[in-house]
Amino acid sequence: MNCLKIENINLELENRVILKDISATLNKGEIVGLIGPNGAGKSSLLRSILGLVKISKGNILIDDLNIKDLKLKERAKKIAYAAQGAPVHWPLNAENVVALGRVPHLNPWQKLSAVDEEIIENAMVQTDCISLKGRHVTSLSGGERARVLLACVLATAAPYILADEPVASLDPSHQLQVMEILKNLSQNDNGVMVVMHDLSLALRYCDRLILLNDGQLVGQGAPEIVLNDENLADVFGIRAKRWSDNGENYLITHNINQGE
Amino acid sequence: MNKYITSNLLLIIALILTAIASLMIGRTPLDVSEILYGFVGPANDPISIIVIELRLPRVLLGILIGATLGISGAALQGVLRNPLADPGVIGVTASASLGAVIAIHSGLAIMWPLFIPLFAMAGALIATAILLFVSVRESSLLMLILVGIGISSLAIAGVSLVMNMAESPMSVRDMVMWMLGSLENRTSTDLLLALPFILFGWIMMINVGQGLNALSVGEDTAQSMGINISMLKLRVVIGSAISVGAAVAACGSIGFIGLVVPHMVRGLITNEPGGILIPSALMGGLLLTLADLMTRLPMPGATLQLGVVTSLIGAPAFLYIVYKTRNNMR
C-alpha cells in the first residue's frame, strides 16, 4: 500500500532506550502531528525514519519497500526533512537554498534543468517567498528563513514530508502561515508528519495525532480523542479548556493544580 | 552559471599568461621566441636546459601546489562549515614539516636531498592515518578539528625539539629556510615525486561539490537529501591530507593560500561551497605562480622565500576581504 509504515521499531543510543516498540503509519493526503513532552522521542522517531540513526529492531517501509534496501538518493526522493531551526552556514541566495531540494534528483555534476527551475519557482510561490529570491539567507528574518527552508523541502517533490518543530520560534501569524502551507501539502496528496508542541494548533490542523511519552506510543488517532483529559493529565500533567466556534475546535491548556 | 564559466576561463587565461611570464623571468631573461625555441630546440642547447629542466618543473610545481592548497582550503572550509579552516588545521602541514626537519637534522638530507620530501611525505601520511582513524570512529566534525589542532601542536613541538637539539647554527638555518617555503632549484624529480599524491588528492576532492552545497543547510538535512556524509568527510580529509602533504614535502610550508583563496573566490564568483572548488584551485595556482615570480624579482639584500611572500600578501588580503564581507558574516 502507498504509505509510510513504521513497524515495531526500537531505538537505543548509548545503551539507553529511546524508542520502544513504536508502530505507526503516515498515509498520503494526511497531516499527522507528533506530540509529547520534551524527551519523549519525537525527533528521534523522525531521525529513525530518515535513517539518521540506526534502529535496533523493527522495520520502516515506504510504499512497501524497506528503507534499508533503498539507496540514499532513492530514499531522499521519497522522504523530505525539515530539520528543527535549520541553520544556513554560508550567505547563499534564497534561490540557491531552495535549489538544494533538487539534490536527490541530480548526480554530482548535473546542472539544474528547465524542469528543475520550474519546480524551484513553484515551491517558492507556494511558500510565498518568490520575492526573497536574490536575498542572502543570512539577511532574512526568522519567518522568511522558515519559508525558504520549507520551499527547499517542497522542491524535493517527495511524497512524504517530515517536519521537526517547523513553527517553533515563529510569531503567531507565521506559525499559522507555516501550518497552512503544510495543510495544503497534505491536501495535494502528500503525507506530512509534523512534530509540534502547540496542542491548540495540533488540534486544529492535524488529521491525526501520535502521542509519545518516554519513548513509548501512548495513543494515536483523531486529535479530539488523543487529546483527551486523561492523556493530557498523564503525559503532560496539564488540563485543558475546550470550546468550539464555527465548527472549529479550540483548546487552551492550564496547570493541573489550578482551580477551574 | 555563465558567470561561473567566464570566471573560470579568465582564471585559466591569467594562469597561462603568468606561467609564461614565469618562464621568461630569471637570472637569464628570455623572450617568448626563446622559450618556444627552448621547447622545440635540441635538448642539450643551453636555452632548452634553462626552459625545460630548470624553469618548467618550477612553474608546473608552483601551479600544482597552489591549486592543491586552494582546493583543499575550499573543501575543508566547506566540510567543516568554517571560514577559518585551512589545510593547516588538520595538522598535515606541521607533520610534514616535522618529517623534513628530522631529515635535515639527521644529516640524511646531505646524503641525498630527496630524503627531505620523502620524510615530509612520511610525516604527512602518519598525520593522515591518525585523522582517518579518528574520522572513521568519530562522527563529529568538531572532533576532527580538535584532533587536527592536537596533531599540529604536537608536530610543532617536535619541530621545536629538533631545532633545540641541533648542534650547528647552519642546520637550524637550513630548517628555518625550508619551512619558509621555496620552489628554488626544484627539478622534474621533485615534480614526479609529488604528482601522483597531488592527483590522487584532487580526484578525491573534485566530486564533493554537491555534498558541500547540501551541507550548508546542516548535516542531518544534507543526509536526508541523500548525501553520504561519512564518505564526503573521508574524501575531503584524505584528499586534502595526501595532496597537501605532497605539496608541503615539495616546497615547504606555504602560508595563507589555502585560507585566503576560497574567500577571494567567494567575493568574486559565488558563495556556494561546492561552486568554489574549481575556481579556488585555479586561483591558488595563479597566486602561487605570481608569488614565486615575485621572489625572483631583483631585490636588494637576501632573496625572499616563497612562504614569506604569500603570507605578506595573504594576510592583508585576508583582512581586506573580511572587512568587505563583514555584513555577510553572522
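In this predicted model, helix α6 (residues 115–137) of chain B has 23 residues, which at 1.5 Å a residue should span 33 Å, and its end C-alpha atoms do sit 33 Å apart, in agreement with that figure. A good part of α6(B) is tucked away: the buried residues are B:Ile116, B:Pro117, B:Phe119, B:Ala120, B:Met121, B:Gly123, B:Ala124, B:Leu125, B:Ala127, B:Thr128, B:Leu131 and B:Ser135. Their packing partners are other helices of chain B, namely α4 (92–105), α5 (108–111), α7 (141–165), α8 (169–180), α9 (188–206) and α12 (229–251).

Helix α1 (residues 2–24) of chain B tells a similar story on length, with 23 residues reaching 33 Å from the first C-alpha to the last, close to the 33 Å expected at 1.5 Å a residue. Here the buried set consists of B:Leu11, B:Leu15, B:Thr18, B:Ala19, B:Ser22 and B:Leu23. The cover over these residues of α1(B) includes α2 (32–40), α3 (46–80) and α14 (277–295) of chain B.

Turning to chain A, the count is nine helices and 12 strands. A compact globule of 260 residues would have a radius of gyration near 18 Å, and chain A, at 19 Å, agrees with that. The C-alpha trace of chain A spans about 60 × 40 × 35 Å along its principal axes. Some 42% of the 260 residues of chain A count as buried. Contacts in chain A reach well along the sequence: of those between residues at least 6 apart, 66% join residues at least 24 apart.

Two open sheets come next. One has six strands in the order β6-β7-β8-β3-β9-β10 (chain A), and its pairing is mixed. Its edges are β6 and β10 (216–221) of chain A; each has a single partner strand, so one side of each goes without a neighbour in the sheet. From one strand to the next, the twist averages 15 degrees. Within this sheet, strand β3 (residues 31–35) of chain A runs parallel to strand β9 (residues 208–213) of chain A, the two being joined by four bridges. One of the partnerships here puts A:Gly33 with A:Leu209 in β9(A). Helix α1 (residues 42–49) of chain A packs on the sheet, where it touches β3, β6, β7 (160–164), β8 (191–195) and β9 of chain A, and its direction makes about 145 degrees with that of β7(A). Helix α6 (residues 172–187) of chain A, for its part, lies across β3, β7 and β8 of chain A and runs at about 150 degrees to β8(A).

The other open sheet has four strands, in the order β2-β1-β4-β5 (chain A), with antiparallel pairing. At its edges stand β2 and β5 (65–66) of chain A, and since each has a single partner strand, one side of each is left without a neighbour in the sheet. Strand β4 (residues 57–62) of chain A pairs with β5(A) over two bridges, in the antiparallel sense, and A:Leu61 stands opposite A:Asn66 in β5(A). Helix α1(A) packs on this sheet too; there α1(A) touches β1, β2 and β4 of chain A, its direction making about 65 degrees with that of β2(A).

At the start of the same sheet's order, strand β1 (residues 3–13) of chain A runs antiparallel to strand β2 (residues 16–27) of chain A, with eight bridges joining them. A:Leu13 has A:Arg16 in β2(A) as its bridge partner. The pair forms a hairpin with two residues between the strands, and in the turn A:Glu14 has a positive phi of about 50 degrees.

A second hairpin is built from β11(A) and β12(A), again with two residues between the strands, and here A:Asn246 takes a positive phi near 55 degrees. Strand β11 (residues 238–245) of chain A runs antiparallel to strand β12 (residues 248–255) of chain A, and eight bridges hold the two together. A:Asp245 is partnered by A:Glu248 in β12(A). Of the eight residues of β11(A), the number buried is zero, so this strand lies largely in the open.

Finally, the two chains meet through 25 residues of chain A in contact with 23 residues of chain B. On the chain A side, α2 (72–78), β6 (79–82) and α3 (94–99) each supply at least two residues. The most comes from α2(A), which gives four. By class, this side of chain A has 18 nonpolar, four polar and three charged residues.

Key:
Residues are numbered from 1 along each chain as its sequence is written. Chains are lettered from A and ligands numbered from 1 in the order in which they are written. This is a predicted model: local features need pLDDT of at least 70, side-chain atom pairs count only at pLDDT 80 or more; totals for chains, interfaces and linings use all residues. Two residues are in contact if their C-beta atoms, placed from the backbone, lie within 7 Å. Ala, Val, Leu, Ile, Met, Phe, Trp, Tyr, Cys and Pro count as nonpolar, Asp, Glu, Lys and Arg as charged, and the others, Gly among them, as polar. The expected span of a helix is 1.5 Å times one less than its number of residues. A residue is buried if 20 or more other C-beta atoms lie within 10 Å of its own, exposed if 12 or fewer, and partly exposed in between; C-beta atoms are placed from the backbone. The radius of gyration is taken over C-alpha atoms; the globule rule is 2.2 Å times the number of residues to the power 0.38. Two strands pair if DSSP finds at least two bridges between them. Axes are lines fitted to C-alpha atoms, for helices over the stretch in contact, and angles run from 0 to 180 degrees between N-to-C directions.
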